[in-house]
Amino acid sequence: MNIARTKVLLIIVLFLSGLRIYAQNNKDYFKTQIPLGELTDAQLKEVSGIVAAQEEGYFWVHNDSGDGANIYLIDRQAKLLKKFRLEGVDVVDCEDMDRVKINGKNYLVLADIGNNLGKRTWASLYVFPEPSANDSLVISKKDIKTIFVKFPGQKRLDAESIMVDPRDNMLYIVSKREFHSTVYAAAVFKGVQQQYFTLTKVAELPFTFATASAIDPTGREMLIKNITQIFYWKRKPGESWAGALQRKPTEVPYTVEPQGEAITFDNKGTGFYTISERPFGLKSYLYYFEKVSKSADK
């Protein structure tokens, strides 16, 4: 972790802590977070992305900038089980990951989308078959597809969060440093041979510094978080995300993590998880937020 960057983040945390957006407050959607296990492995000091693995009780995570093209498998107690390396891939600043199902097969998407200095025009997505715990430690370069995306116009935005809608495989990326973090989209998983895509603006959000996002397995619920808050939307039948995001979000009760930049729904739609970096040696936990069943169909 860069010390100067950490100081800037601390200032932003203090600023955001005093800035409350006009959100609905409804504590009936999710229960208070509970810690499942402490992340202690020395290889995982800057976890920036997480997605629930297809194998129940496991999670894929990755580090922020400074690590190579690696993904890590952890269990529900945040214990590191295995490290996988993407062969032949050089990353700049991986910030998030998600899953996409194509022709009935599960793929992981590692998003090299960080742009702190505003120098990058194109960001990279690395798409590869989701490994199992017993697979080789090296993901072959022949199995990795690279997709390039950029923001519209001349924008060279920084982003830390992606999500894939399981209903139509649309990719969504949320910008970080705009005054209003903005959701962008592109149909990058439509089976075409195209490799370069320009994102389209979907909606502006009533907050800034978005660091993580997720869509649930049904494609009906969305979470977007910044350093200090987590926001929740649920779209109506037949409604687009562009329409749903025009409504005020619900703010999920959340105790701030040291530097929380990762969020994922579970695979059953019964709750979601967060995990954080470990700045200044602070502790990081895998947290679970259980959905309140009575609110599931509201």
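Trainee: Why is arginine 177 called partly exposed?

Mentor: Its relative accessible area is 41%. Buried means under 20%, exposed means over 50%, and partly exposed is what lies in between (1.4 Å probe, protein chains only), so 41% puts arginine 177 in that middle class. Keep in mind that this is a predicted model, where local features need pLDDT of at least 70, side-chain atom pairs count only at pLDDT 80 or more, and totals for chains, interfaces and linings use all residues. Residues are numbered from 1 along each chain as its sequence is written, and side-chain values use heavy atoms, with hydrogens and water left out.

Trainee: And what makes aspartate 158 buried?

Mentor: Aspartate 158 has a relative accessible area of 4%, which is under the 20% limit, so it counts as buried.

Trainee: How do you know that arginine 177 and aspartate 158 form a salt bridge?

Mentor: Their closest N and O atoms are 2.8 Å apart. The term asks for a side-chain nitrogen of Lys or Arg within 4 Å of a carboxyl oxygen of Asp or Glu, so the pair passes. Arginine 177 sits in the loop between strand 13 (171-175) and strand 14 (182-186), and aspartate 158 in the loop between strand 11 (145-150) and strand 12 (159-164), so the bridge ties together parts 19 residues apart in sequence. Strands here are DSSP runs of E, at least two residues, numbered from the N terminus.

Trainee: What makes lysine 291 and glutamate 221 a salt bridge?

Mentor: Their N to O distance is 2.7 Å, so the 4 Å cut-off is met. Both residues are buried. Lysine 291 is in the segment after strand 23 (284-290) and glutamate 221 in strand 18, 70 residues apart. The structure holds 11 salt bridges.

Trainee: Why is glutamine 229 called buried?

Mentor: Glutamine 229 has a relative accessible area of 1%, under the 20% limit, so the label fits. You'll find glutamine 229 in the loop between strand 18 (221-226) and strand 19 (230-234).

Trainee: What makes its approach to threonine 228 a polar contact?

Mentor: The side chains of glutamine 229 and threonine 228 come to 3.5 Å. A polar contact is a pair of N or O atoms within 3.5 Å; within protein, one must be able to donate a hydrogen and the other to accept it, and residues adjacent in sequence count only if both atoms are side-chain atoms. This contact is side chain to side chain at 3.5 Å, so it counts.

Key: Helices (H or I, at least four residues) and strands (E, at least two) are DSSP runs, numbered from the N terminus.
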